[in-house]
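Student: Hi! I've just opened this one and could use a guide. Can we go through it together?
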Amino acid sequence: MLEWNELDNRAVDTARVLAADAVESVGNGHPGTAMSLAPAAYLLFQKVMNHNPLEPRCMGRDRFILSVGHSSLTLYNQLFLGGFGLELDDLKNLRRWGSKTPGHPEFGHTDGVEITTGPLGQGLASATGFAYSQRFEKNLFDPNTEDSPFDHFVYVLASDGDVQEGVSGEAASLAGHQKLGNLVVIYDSNQISIEDDTNISFSEDVNARYESYGWHTQTVDWKKTGDYKEDVHALYAAIQEAKQVTDKPSFITLKTIIGWPAPNKQDTGGIHGAKLGEDEVRATKEILGFDPDKNFQVESDVLDHSRLLQTRGKQWQEQWQQKFSMWQSANPDKATLLDRLTNQELPAGIEDSLPTFDQESIATRAASGKVINALADQLPELWGGSADLAGSNNTTIEGAMSFGPSEATTDTWTTDPGGRVLHFGIREHAMAAILNGILLSGHTRVFAGTFLVFSDYMRPAVRLAALMGVPAIYVWTHDSIALGEDGPTHQPVEHLTVLRAIPNLTVIRPADANETAQAWLAALKNTTGPTALVLTRQNLPVMTKQDNPNPELLQKGGYVVGENHSDPEGLILATGSEVAIARDAQAKLAAKGLNVNVVSMPSFELFDSQDQHYKDSVLPPNVTARVSVEAGLAMPWAKYLGAGGASVSIEGFGASASYEVLYEKYGITADAVVEKFESVRN
Ligand SMILES: Cc1ncc(C[n+]2csc(CCOP(=O)(O)OP(=O)(O)O)c2C)c(N)n1
């Protein structure tokens with residue numbers, strides 16, 4: 001039974017008035033949905049969720065995702081009312097420089113914000129990842145307990161825009177397939193977006209769609225009768241029913257009137273993303289029984305009442321801690337593992353488990369697969385898969401089960417709810433968003449593969465990973481025109497440039513198998529942002545110990561391979577498959593009496609983070625005759641080449657042919673490098 005009294009009503013109305021005042025004060029923002037979703041948000045925060053405002057990162061908490069990120073006030077108001085660390089001054093500083101209340105919620109910036117949202121659809125999609133994470137960790141740490149400290153729910157508030165965006169559909173399809181019973185979405189169907197009535201562009205039956213994805217669906221219609229009635233009891237009952245359904249995610253369509261109860265602007269696009277204006281704010285306050293002459297009014301008895309959440313939260317956490325402590329004593333090994341993961345540490349000596357490669361040649365994608373499998377036993381926290389390209393991306397942990405309900409077992413794959421092999425189907429965008437959710441929710445490390453060219457399909461979520469600092473690992477194979485016969489639709493050309501342009505994304509394109517092992521180590525060591533592993537389809541020669549005694553120098557992003565002349569005539573810089581071409585060119589130049597150094601430059605980001613002394617030792621400032629060779633755009637190389645340098649590159653799309661023919665036709669050859677070098681030398 002829901003306990004709900006007049007103080008609860010007053011707290012909800014306080015949230016509405018604060019939303020109107022905060023936007024009015026800064027002059028811009030999104031008041032409408034924060035006003036009409038205040039009852040739902042308050043209900044979740046105060047009456048439904050298990051959490052402790054004083055310890056908002058407590059592991060056992062339920063997770064809350066505000067997918068409708070522009071309505072940040074929906075969340076900020078609850079963080080204020082519940083006492084998560086926001087105070088009235090923070091609301092007064094909405095959207096201002098340095099405030100804890102930026103325009104959209106930002107993970108790591110404001111306590112209680114689980115995920116950065118704003119690009120519509122992403123929060124809802126990542127929620128699936130949060131639910132994946134819960135199930136995986138429960139199975140990893142405490143598979144057989146009914147009432148486990150690893151159980152929790154994931155609650156989402158989503159909007160029309162969230163369910164319109166394709167990424168949420170991809171993820172919802174997976175969530176239904178996976179039967180994620182701990183995921184509860186409240187969809188705020190106010191049928192208003194910026195261009196007013198959504199009828200102009202949106203007419204499907206959303207519940208029917210989610211039902212066919214395999215979700216449990218309900219509708220709570222606050223507009224059912226002529227009088228708008230915010231029936232929190234009906235919504236509470238629907239949430240309770242949703243929680244009982246443990247074999248399906250739950251979707252509750254909540255029909256609301258945006259901007260309720262603003263007398264003139266409710267139910268319009270006008271109140272979605274603009275201040276109400278003084279008269280409308282005054283009128284709204286009068287309707288709600290607030291003094292129209294006062295701003296940011298919060299009555300002390302209301303705040304005292306809502307802050308009781310701190311007391312309830314503390315009590316909940318004490319109970320949870322008891323369960324957790326019992327688990328710790330009963331499972332000392334697993335508790336040690338959890339400690340290691342909580343501290344974001346790798347097992348001591350993990351470097352020694354990296355395979356070394358001494359064969360003549362192997363594709364870096366194949367080497368990557370071997371690295372994953374060499375590390376898998378030592379890293380139970382490592383899981384991952386592909387968007388239907390497992391065989392091409394070499395992303396399968398051999399012998400491991402696939403993550404899925406038993407019904408999803410096929411002739412090829414055997415599923416288990418705690419399986420380590422992920423199958424995203426052909427849903428790259430959701431794959432990246434789900435990785436974000438997994439990494440934000442818990443303690444594991446996860447990777448996902450597709451062709452490099454389809455990183456385009458993942459990019460909005462990759463950008464958010466970089467912005468939030470979550471350590472996703474992308475295994476992007478088939479990394480150049482050298483993938484061959486599939487032709488230009490599948491051949492990345494601009495992708496390295498585009499990806500290197502994303503701040504805080506570490507892009508690594510290893511030159512051979514031993515660099516690939518080091519690239520994996522770099523990715524695992526990177527706990528503050530995503531890492532892209534850019535790998536070949538075709539075989540690459542493995543540099544001998546003599547040619548490259550220290551592949552671990554990959555960790556520095558760039559280093560000299562092969563002969564290292566102390567006073568070279570020039571430098572040839574290359575990544576990945578083109579390092580071998582650079583070395584051929586080096587030999588040809590040596591035959592002409594020109595000594596050049598070859599710099600393997602697998603990661604610009606790692607190299608740029610070295611000190612100047614190191615950088616100068618690899619790229620001596622006095623050596624200005626420099627040529628880069630990479631099977632992609634020249635654009636990103638300018639900073640290393642200087643005014644006198646030049647690039648061997650590809651400036652247009654590729655074509656369908658064998659890779660040998662393509663490299664010849666596109667001039668990615670040792671002869672072209674030699675020619676270019678001679679031109680810059682003169
Ligand atoms: C991917 C993406 N596209 C566009 C926008 C810009 N935008 C912000 S709010 C909005 C309308 C959203 O309407 P709705 O989801 O119904 O939210 P509500 O009106 O209920 O607040 C748009 C288009 C965005 N934030 N994200």
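Student: How many residues surround the ligand, and which are the closest?
Tutor: This is a predicted model, and in it 19 residues surround the ligand. The closest are Thr33, Ser159, Asp160, Gly161 and Ser193.

Student: Which helices and strands each supply at least two residues of that shell?
Tutor: There are two helices to look at, H2 (32-36) and H7 (160-164), along with strand E4 (192-193). Each of these gives the shell at least two residues.

Student: And how do the shell residues divide into nonpolar, polar and charged?
Tutor: Ten are polar, six are nonpolar and three are charged.

Student: New topic: strand E21. Which way do its residues point, and are they buried or exposed?
Tutor: Strand E21 covers residues 626-629. Arg626 and Ser628 point one way, Val627 and Val629 point the other way, and all are buried.

Student: What joins E21 to strand E19?
Tutor: Four bridges do, and the two strands run parallel; E19 is residues 570-574. For one pair to click on, try Leu571, whose bridge partner in E21 is Arg626.

Student: How many bridges join E21 to E22?
Tutor: Three bridges join E21 to E22 (residues 646-648), and this pair runs parallel too. Here Val629 has Val648 in E22 as its bridge partner.

Student: Okay, helix H25 next. How many residues does it have, and how far does it reach?
Tutor: Helix H25 (residues 670-681) has twelve residues. From its first C-alpha to its last it reaches 16 Å, close to the 16 Å expected at 1.5 Å a residue.

Student: Which residues of H25 are buried?
Tutor: Ala670, Val673, Val674, Lys676 and Phe677 are buried. They are on the same side of H25, because they cover an arc of only 165° around the axis.

Student: What do those buried residues pack against?
Tutor: They pack against strands E19, E21 and E22, which we just met, and also against helix H20 (578-591) and strand E20 (596-600).

Student: One more helix: H11. Which of its residues are buried?
Tutor: In H11 (residues 278-288), Glu280, Val281, Thr284 and Lys285 are buried. Their arc around the axis is only 135°, so they sit on the same side of H11.

Student: And on the other side of H11, which residues are exposed?
Tutor: Over there, Glu278, Asp279 and Glu286 are exposed.

Student: Which helix do the buried residues of H11 pack against?
Tutor: Helix H1 (6-26).

Student: What about the phi of Gly289, just after H11?
Tutor: Gly289 takes a positive phi there, of about 75°.

Terms used. Residues are numbered from 1 along each chain as its sequence is written. This is a predicted model: local features need pLDDT of at least 70, side-chain atom pairs count only at pLDDT 80 or more; totals for chains, interfaces and linings use all residues. A residue is near a molecule or strand if its C-beta atom, placed from the backbone, lies within 6 Å of it. Ala, Val, Leu, Ile, Met, Phe, Trp, Tyr, Cys and Pro count as nonpolar, Asp, Glu, Lys and Arg as charged, and the others, Gly among them, as polar. A residue is buried if 20 or more other C-beta atoms lie within 10 Å of its own, exposed if 12 or fewer, and partly exposed in between; C-beta atoms are placed from the backbone. Two strands pair if DSSP finds at least two bridges between them. The expected span of a helix is 1.5 Å times one less than its number of residues. The arc is that of the directions from the helix axis to the C-beta atoms. Two residues are in contact if their C-beta atoms, placed from the backbone, lie within 7 Å.
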